[in-house]
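What follows is a walk through one protein chain, from its strands out to its overall dimensions. Please keep the sequence and the 3D view side by side while reading.

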Amino acid sequence: MAEDRGQASVELLAGIPALLLAGLVVLQLFAVGYSLTLADGAAEAGALAVAVGRDAEPAVDEALPGWADDRVDVEVRGGEVSVELRPPTPLASLSRKLEVSSSAWVRRPGG
């Protein structure tokens, strides 16, 4: 009986790292999904700025939270605004691999 209790303690102790890893993976997936939602809104904000004849990059920057300032790339081609956003992650190399992108298109003024 005492041996069974010791076995359960060892199994619980061995399962904790696996549970923590699973939790980190889930949190990372949420961060990627949230980043995609932010990229969608930022691309739309940039396209709307282009539609009224303004520069897209300031509009994209205003649509994103502060942590994204050094994690975003904006490209404007005609009326298309593309936003690439690297989500927050504990590993910098992983952030580049999980990069999300979104684009929005509008007709340029006078075009």
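Two strands are said to pair if DSSP finds at least two bridges between them. In this predicted model, strand β1 (residues 72-77) and strand β2 are joined by six bridges and run antiparallel. One of the bridges can be found by its residues: Asp-73 has Glu-84 in β2 as its bridge partner. The connection from β1 to β2 is a hairpin with two residues between the strands. Gly-78 lies in that turn and has a positive phi of about 65 degrees.

The next pairing involves β2 again. Strand β2 (residues 80-85) pairs with β3 in the antiparallel sense, over six bridges. Here Leu-85 stands opposite Val-100 in β3. Strand β2 thus pairs with β1 and with β3.

Which residues of β3 lie on its covered face, and which on its uncovered one? In this strand (residues 100-105), Val-100, Ser-102 and Ala-104 form the covered face. The uncovered face consists of Ser-101, Ser-103 and Trp-105.

Val-100 also gives a way across to the helical part of the model. Helix α1 spans residues 2-51 and contains Thr-37. Thr-37 and Val-100 are 63 residues apart in sequence, yet their C-alpha atoms are 9.4 Å apart in space. Is Thr-37 buried or exposed? Residues count as exposed over 50% relative accessible area. Thr-37 has a relative accessible area of 53%, and is therefore exposed.

Now for the chain as a whole. The protein chain has three helices and three strands, and their order along the sequence is α-α-β-β-α-β. Along the principal axes, its C-alpha atoms fill a box of roughly 85 × 20 × 20 Å. The radius of gyration is 22 Å, whereas a compact globule of 111 residues would have one near 13 Å.

Burial and surface can be read next. Of the 111 residues, 28% are buried. The chain exposes about 7400 Å², and carbon and sulfur atoms supply 60% of that area. Among contacts between residues at least 6 apart in sequence, 48% join residues at least 24 apart.

Charge comes last. The protein chain carries 9 positive and 16 negative charges, and the mean positions of these two sets are 4 Å apart.

Notes:
Residues are numbered from 1 along each chain as its sequence is written. This is a predicted model: local features need pLDDT of at least 70, side-chain atom pairs count only at pLDDT 80 or more; totals for chains, interfaces and linings use all residues. Side-chain values use heavy atoms; hydrogens and water are left out. Helices (H or I, at least four residues) and strands (E, at least two) are DSSP runs, numbered from the N terminus. The radius of gyration is taken over C-alpha atoms; the globule rule is 2.2 Å times the number of residues to the power 0.38. Buried means under 20% relative accessible area, exposed over 50%, partly exposed in between (1.4 Å probe, protein chains only). Contact means heavy atoms within 4.5 Å. Accessible areas come from the Shrake-Rupley method with a 1.4 Å probe; for residues, only the protein chains shown count as cover. Lys and Arg count as positive and Asp and Glu as negative; His and the chain ends are not counted. The place of a charge is taken as NZ of Lys, CZ of Arg, CG of Asp or CD of Glu.
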